[in-house]
Amino acid sequence: MELNLLTAISPIDGRYWGKANALSNYFSEYALIRYRVQVEIEYFITLCELPLPQLNDFDHSHFDSLRDIYKNFSEKDANRIKEIEGVTNHDVKAVEYFIKEQFDKLGNLEQYKEFIHFGLTSQDINNTSIPLSIKEALNDVYYPQIEELISQLNTFAEEWAEIPMLAKTHGQPASPTRLGKEIMVFVYRLRRQVELLKTLPLTAKFGGATGNYNAHNVAYPSFDWKKFGNKFVSEKLGLEREEYTTQISNYDNLGAIFDTMTRINTIMIDMNRDFWQYISMEYFKQKIKAGEVGSSAMPHKVNPIDFENAEGNLGVASALLQHLSIKLPISRLQRDLTDSTVLRNVGVPFAHIIIAIQSSLKGLRKVILNEAAIYNDLDNCWSVVAEAIQTILRREGYPHPYEALKALTRTNQKMTEESIREFIETLNVSEEIKKELRNITPHNYTGI
């Protein structure tokens, strides 16, 4: 079989390709190779800018042509690197040889070619390329999508700000709330965690074979290589260099990013489950699209599948993110290869999250407020005003108000407006207080 939407093993590259394909620019094999080429080129340019003595006469007018190697990087170029890798059996060395070929095409650069990948190990390239890809994927894809979701929720929160609703704690009727406020809870939670995510530094390892600039220092001991590395990683890549490392990144900050993304996923799961439940309670109906089928057997069904799809994809994403955050910071001695294996899957949780966000948005944009059902639930649950009555009685120094209301409401008999009104008339309080109590209903006892 040839790889296509029907033969792909992962639904990310098959069924859901249309939702997740934007991430291929950041996490595909092609993208990783392109990022490696970018880091190698920018590193060479920075050595010229230092300059190293042997690069002192390098014509800086060539810099634009060098940058074009990665800016105009094509699938044909990536395939050429894979061909070279077939001989070298080393992916990063193949990138070095490819760039040397490009130097040959530019002409008169032979004497400078050995300063490509000078003094570096593969992880200096990988542990800069991958955080760079994550940074750009967050900025270009993840943040815009999740902010669209937050914006949609915020629109609903404002639109439904004055809709009173029966709250449910422990699945039981509780003090009334407002629908808009309950949606705003998710807006608030998501905003706070996204803000936190944006504060976390994206760091990179860049320090030679075991993190000590051994090769750099032995060749050019007069240069401050730590200062050089800090400047290169910060100014050319927009990342922060990890000062003390082994051969590989410590991955602690990457773990913190994945943990925060997992927490955001948890909030989104909570939100999707609540909307699913509200639909089950008939607080929302769903828009019906001609031709769609809800069940292969039951013609009447309109299932909340978008919220279910989102929940499932978020669960898969969180499982992978948790493994990455737990596994990556652990390496035997100065390095083992397990980080390289799992890092190739970084794009997978991103893809499941993007699929989930789009499913959430699709579900949210299909809901229709069923205000009558919400009103009826409130109207059928007058017992929830007991808290208000007993609190006012406490304020007035009335004896044992909680116990009095408990005796009235904690029964298997349904509390009605009439039974509450009758109880109020039995109270030994002033007419002014009784009037205050009579004005309390499940529809207006919604707090602030």
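Okay, let's start with helix α7, because I keep coming back to it: α7 gives the most to the lining of the second largest cavity, with four residues. Keep in mind that this is a predicted model.

So, that second largest cavity. It holds about 70 Å³ of space. Besides α7, the elements giving two or more residues to its lining are α3, which is 29-49, and α13, which is 338-343. If you want to click through the wall on screen, the lining is L32, R36, D91, Q123, N126, N127, I130, Y251, D339, S340, L343 and R344. And what's the chemistry of that lining? Four nonpolar, four polar and four charged residues.

Now the other one. How many cavities of 30 Å³ or more are there? The count comes to two, and the largest has about 90 Å³ of space in it. Thirteen, written 13, is the number of residues lining the largest cavity, and P131, T203, S249, Y251 and L254 are the ones nearest its centre.

Which element supplies the largest share of that lining? α7 again, with four residues. Both α7, running 122-159, and α11, running 252-280, supply at least two residues each to the largest cavity. The residue types here go seven nonpolar, five polar and one charged.

One residue to pick out on your screens is Y251. You'll find Y251 in the lining of the second largest cavity, and Y251 is also among the residues nearest the centre of the largest one.

Terms used:
Residues are numbered from 1 along each chain as its sequence is written. This is a predicted model: local features need pLDDT of at least 70, side-chain atom pairs count only at pLDDT 80 or more; totals for chains, interfaces and linings use all residues. Side-chain values use heavy atoms; hydrogens and water are left out. On a 1 Å grid over the protein atoms alone, a cavity is a set of points where a 1.4 Å probe fits but cannot get out, and a pocket is an open set with protein on both sides within 12 Å along at least five of seven lines; lining residues have an atom within 4 Å of a point. Grid points are joined across faces, edges and corners, and a volume is the space filled by probe spheres set on the points. Ala, Val, Leu, Ile, Met, Phe, Trp, Tyr, Cys and Pro count as nonpolar, Asp, Glu, Lys and Arg as charged, and the others, Gly among them, as polar.
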